[in-house]
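Student: Could you walk me through this structure? I have not looked at it before.

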Amino acid sequence: MKALYGLYVDAASAQRAVDALRVASSELKFDAQQIVIVSGEPHEGYDFTDSQATSSPYRWAVLGAVVGGATGYLLTTLSQKSYPIFTGGMSLTPAWTNGIIIYEMIMLGAILTTLVVLLIGAGLPNFKGVITDPEIGMGKILVGVVDPPENSRVELERRLRLAGAAQVKQSIL
Amino acid sequence: MQTTAEQIEQDLLRPLFHSSAKYWIAVALATSLLLAGVAAFAYQLYNGIGVWGINSPVFWAFDITNFVFWIGISHAGTLISAILRLTNATWRRPITRCAEAITVFSVLIGAIIPLCHIGRPWLAFWMIPYPNQRHIWPNFRSPLAWDFFAISTYLTGSTTFLYLPTIPDFAAVRDAATGFRKKIYRVLSLGWQGTPRQWQRLETAMHIMAVVIVPVAVSVHTIVSWDFAMTPVPMWHSSIFGPYFVTGAIFSGIAALILAMALLRKLLHLEEYLRPIHFENLGKLLLTMSLLWFYFTFAERLTAWYGNSPPEMAVFWESIRKQFAPLFWTMVVCNFIIPVPILAIKRLRTITGTAIASATVVVGMWLERFLIVVPALEHKFLPYSWGTYRPTWVEDTLMASSFGMMALLYLLFSKFVPMISIWEMKVGLQAHGGVPVVAAADGPVLAE
């Protein structure tokens, strides 16, 4: 797998490069999914970042909380009924104390679900085909194309430079 | 001095590749303390828990004091970090990871202490609820079972809260490292690239975690307080113990955070990042908590005094005037008399000033935990069951080694993980229009 990319000093020029590559994808016959953007920090207020926004992690977290709470409820009530102990007049399955366990399980469910949803949503772990450049750590933004068509390499490089690339590089992943 | 993304990366990765002699001396000291504790624990395992000073009626003493103290210290990190994230306080950026690491390690230490107390830690699995032939089952009505769930949830949440924003920094170390170290960080970074999708998912996850972790943190120390409040022991059976403990926990946590930051600043040469403004802001928080702590301490004792119940008054006078009076008044001096003037006067609210105030608070809050546990257990309702407690060298050593363990874990962590979030500092640069900013002596430039 190969990648051709440009390095940009700011998010505005990176956005121009992304726009140029999106236009080029139809002209030069490659999939827009092949466009790759990598940065050392998040950037807000740009189309290439904001288009990734989603509200689904919140819904999943709520679902995880519900599952956690149900698990807590079953753990406390079923075990107290299966292993009854002398309660001195207290209810066999007291809501006050079971509520504390259920509360903690609700939170644990939300935490674990958030972690899993992040890993799946961000495609982690992924040890193959990681595209990176030492310049990213210095604040540059990488915008490029993975496996670009061989016959349009020169044209892509020209468009990347036109968008304001400080450098254009090629890497083998 | 120009502050650029490149400089941030170089400065914050430097401690991972180069360490000063001072750093290694600190590691050696912390290791010595920890090894002393390991030796004391081995002695305890061989001879039995009778080598401790605990007896009837003082079944809990140094161990539960240390347990409550370290769980309290854990409130420094995750809670403060989460609140500052939710309120979008930009000055939080250099301090969040220092704080979150304190949480994970202190909860870990806090969780180890009950294992020491049970005497035969190899049978600890008996506490895990699973069908068994011994007919042993956890009693979910017991606050100790609540502790298990609360601390497990808090440890899981805090570790996740620490790890998630560290993933991009692990990737930064991966890209800067070579050889075997590169392979380790490749695994730790999970193959992070830094695509817009990954950043978006990470920030959303951090927001959810910040929302979830605040009530978890509050519940943990409330439940720790219920270990006492649910027990019919004089001065324990109190409805304000929950908020009283949470306040004390945040108070001691902030103090520990300030001390850790002052230490890291010198050992890792992070003077340009951990600036006076951070200590001043945390100093203000510490001042607020000191006043709140005094309010709760006064309210708790006023209620007991006004009620004039003989069993409670026995404990009350033991603390205020008799056997424990020197410890009680030392606690008041450490938690209120010394820190309040230092933190209230702007001229004194310097890095040194806040560090001194924090050191006294850490001592004072350990004493507070001790004074909640021991005087009450020595003087229960029936005078014929009263007793005395004196700690032995084994308990003293285990207590000291818990501090050594904390210091060692923290120092080693700083050798493997950037103690200030690199990517969050770069986001701070963007707040200045994406252009390099000039560090000024009088302003919080890198504080962003």
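Tutor: We can talk about the domains, the contact between the chains and one helix, keeping in mind that this is a predicted model.

Student: OK, what does the domain assignment give for chain A?

Tutor: The assignment splits chain A into domain 1, made of 2–52 + 125–172, and domain 2, which covers 56–121. Taken over C-alpha atoms, the centres of domain 1 of chain A and domain 2 of chain A are separated by 45 Å.

Student: And how many residues does the contact take from chain B and from chain A?

Tutor: The contact takes 48 residues from chain B, and chain A also gives 48 residues.

Student: Which helix supplies the largest share of the side of chain B that touches chain A?

Tutor: That is α9(B), with 17 residues; the helices of chain B that each supply at least two residues to this side include α1 (5–17), α6 (143–163) and α17 (422–430). By residue kind, the side of chain B that touches chain A divides into 24 nonpolar, 15 polar and 9 charged residues.

Student: Switching topic: how many residues of α4 in chain B are buried?

Tutor: Helix α4 of chain B, residues 77–86, is mostly covered, with 8 of its 10 residues buried. Among them are Leu79(B), Ile80(B), Leu84(B) and Arg85(B).

Student: What do those buried residues of α4(B) pack against?

Tutor: They pack against four elements of chain B, namely α5 (96–117), α6, α9 and α10 (241–267).

Student: And what comes just after α4(B)?

Tutor: Just after that helix, Asn88(B) takes a positive phi of about 55°.

Note on methods. Residues are numbered from 1 along each chain as its sequence is written. Chains are lettered from A and ligands numbered from 1 in the order in which they are written. This is a predicted model: local features need pLDDT of at least 70, side-chain atom pairs count only at pLDDT 80 or more; totals for chains, interfaces and linings use all residues. Domain bounds come from an automatic or database domain assignment. Two residues are in contact if their C-beta atoms, placed from the backbone, lie within 7 Å. Ala, Val, Leu, Ile, Met, Phe, Trp, Tyr, Cys and Pro count as nonpolar, Asp, Glu, Lys and Arg as charged, and the others, Gly among them, as polar. A residue is buried if 20 or more other C-beta atoms lie within 10 Å of its own, exposed if 12 or fewer, and partly exposed in between; C-beta atoms are placed from the backbone.
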